[in-house]
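Thanks for coming. I will go through one chain today, starting from a single residue and working outwards. Please have the sequence and the model open.

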Amino acid sequence: MTGHGAQPPFSPPGAVDALTDVAGLRVGHARVPGEGALSGTTVVLAPEGGVAAAVDVRGGGPGTRETDALDPRNLVRRIDAVVLTGGSAYGLDSASGVMAWLEEQRRGVQVGPDPSQVVPVVPAACLFDLGRGGDWRARPDASTGRAAVEAAARTEPGAPVAEGGVGAGTGAVAGHLKGGVGTASAVLPSGITVGALVVVNAAGSVIDPVTGVLYGEYGAAEPPVRPVAEVHEAARRRLDEARDANGIPPLNTTLAVVATDAGLTRSQAQKLAGTAHDGMARAVRPVHLLNDGDTVFALATGERPLPQGNPLALNDILAAGADAVTRAIVKAVRAARGVDARPGAGFHPSYSDLYGTL
């Protein structure tokens with residue numbers, strides 16, 4: 001029996017265990033082309049009419065665009081897309097390609113009498129992956145953003161989402177371990193769905209140095225399987241080698257989108273974005289450092305009303321959002337494949353390279 005507003009320990013995932021289990025949301029990835037490129041962009045495309053949105057930034061080195069528009073005190077009520085991108089501040093240009101595509105679809109804030117006179121509001125956040133493929137100038141631009149939003153628009157409703165080294169996760173690392181994109185969802189007893197998509201590119205570690213277990217697996221439904229001591233010791237040596245080869249401490253940033261089909265106000269969405277950071281903190285240690293720009297966007301499609309008569313009904317969504325972020329981080333790290341970049345660009349082994357498929 002659960003208390004008023006309390007959530008059962010583990011809600012089952014949706015049909016594809018992804019952000020796209022929230023009806024109407026679509027996800028597209030695009031990669032920067034070229035031999036020395038290791039970067040890309042991911043776009044979350046809202047349904048026609050847009051979604052309520054909010055943002056919470058906790059890292060000390062954020063790179064963002066249009067996030068002030070999401071303040072509940074400001075004018076914009078709904079948005080049509082969110083951009084997560086590599087390329088550091090340069091990569092924010094990818095949002096321009098998404099804006100151009102949305103304008104062609106006549107989607108955005110109408111600012112004139114003609115339906116084509118719109119200004120799409122496209123919040124974006126970037127992570128640091130410059131030079132990880134060997135070419136410092138290989139980074140997302142407007143064409144990358146357009147390719148990603150077009151990829152999202154081509155998907156069917158409820159489609160699975162590619163994970164690992166795709167889109168904004170192409171050049172992502174977690175410490176010196178390969179990071180990437182992960183996604184997860186939960187369906188609450190009320191029928192409300194909550195989903196998350198995370199790009200794991202953390203300065204902190206995702207691995208417990210004592211056991212080799214992913215931090216995000218502690219407290220999961222099933223106890224984590226600990227690697228045998230010899231495997232863990234070999235993995236630690238390889239990570240030490242990667243740290244020495246890669247040189248300077250990495251600049252990073254973990255990005256997330258958490259979404260629900262519940263009818264949230266913008267202030268409630270703001271709370272969801274904030275508590276979703278708890279899920280990040282369970283899976284990455286330390287987190288929210290000065291060389292991270294950790295950012296969470298929250299989206300609410302409004303298809304299902306919050307249960308009436310329970311002033312704490314939002315708690316279930318808040319808890320599920322944090323849990324989905326933690327699981328998405330674990331899935332991202334497990335889906336990633338190691339990268340041995342061009343000479344001078346370092347190398348980043350994956351969790352499966354070090355520990356196999358535990």
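Is Asp93 buried, partly exposed or exposed? This is a predicted model, and in it Asp93 has a relative accessibility of 34%, so Asp93 counts as partly exposed. Asp93 sits in the loop that runs between α1, residues 88–91, and α2, residues 94–104. If we set aside the neighbours within four places in sequence, Asp93 is in contact with Asp141 and Ala142. For a distance across the chain, take Ala30: Asp93 is 63 residues away from Ala30 in sequence, and their C-alpha atoms are 14 Å apart.

On one side of that loop is α1, and Ser88 belongs to that helix. Ser88 has a relative accessibility of 19%, and since buried means under 20%, Ser88 counts as buried. Again without the neighbours within four places, the contacts of Ser88 are Cys126, Leu127, Phe128, Asp129 and Leu130.

On the other side of the loop is α2. How do α2 and α3 cross? Their axes come within 6 Å, at an angle of roughly 50 degrees, with α3 covering residues 142–154. That angle makes the two helices oblique to each other. The crossing of α2 and α3 is right-handed. From α2, the contact uses Ser94, Ser96, Gly97, Val98, Ala100, Trp101 and Glu104; from α3, it uses Ala142, Gly145, Arg146, Val149, Glu150 and Ala153. By type, the residues in this contact are six nonpolar, four polar and three charged. Ala142 takes part here, and Ala142 is also one of the contacts of Asp93.

After α2 comes a loop leading to β6, residues 109–110, and Arg106 lies in that loop. Arg106 is not a glycine, yet its phi is positive, at about 60 degrees. As a reminder, most residues other than glycine have a negative phi, and most peptide bonds are trans.

Now to a second helix pair, α5 and α6. Helix α5 spans residues 266–283 and helix α6 spans residues 314–335; their axes come within 7 Å and cross at roughly 40 degrees. This pair is therefore oblique, and the crossing of α5 and α6 is right-handed. On the α5 side the contact includes Leu272, Ala276, Met280 and Ala283, and on the α6 side it includes Leu314, Ile317, Leu318, Val325 and Ile329. Among the other participants are Lys271, Asp278 and Arg282 in α5, and Asp323 in α6. Sorted by type, the contact of α5 with α6 has ten nonpolar, five polar and four charged residues.

What kind of peptide bond joins Arg285 and Pro286? The bond is cis, with omega about -10 degrees. Pro286 is in the loop between α5 and β14, residues 295–304. His288 is found in the loop between α5 and β14 as well. The phi of His288 is near 60 degrees, which is positive in a residue other than glycine. With a relative accessible area of 23%, His288 is partly exposed.

Last, the whole chain. It contains seven helices and 16 strands. The radius of gyration is 19 Å, close to the 21 Å from the globule rule for 358 residues, so the chain is as compact as a globular protein of that length. The C-alpha trace spans about 65 × 55 × 35 Å along its principal axes. Of the 358 residues, 56% are buried. Among contacts with a separation of 6 or more, 78% join residues 24 or more positions apart.

Key
Residues are numbered from 1 along each chain as its sequence is written. This is a predicted model: local features need pLDDT of at least 70, side-chain atom pairs count only at pLDDT 80 or more; totals for chains, interfaces and linings use all residues. Side-chain values use heavy atoms; hydrogens and water are left out. Axes are lines fitted to C-alpha atoms, for helices over the stretch in contact, and angles run from 0 to 180 degrees between N-to-C directions. Helices (H or I, at least four residues) and strands (E, at least two) are DSSP runs, numbered from the N terminus. Angles under 35 degrees count as roughly parallel, over 145 as roughly antiparallel, 65 to 115 as roughly perpendicular and the rest as oblique. A crossing is left-handed if the near helix is turned anticlockwise from the far one by less than a right angle, and right-handed if clockwise. Contact means heavy atoms within 4.5 Å. Ala, Val, Leu, Ile, Met, Phe, Trp, Tyr, Cys and Pro count as nonpolar, Asp, Glu, Lys and Arg as charged, and the others, Gly among them, as polar. Buried means under 20% relative accessible area, exposed over 50%, partly exposed in between (1.4 Å probe, protein chains only). The radius of gyration is taken over C-alpha atoms; the globule rule is 2.2 Å times the number of residues to the power 0.38.
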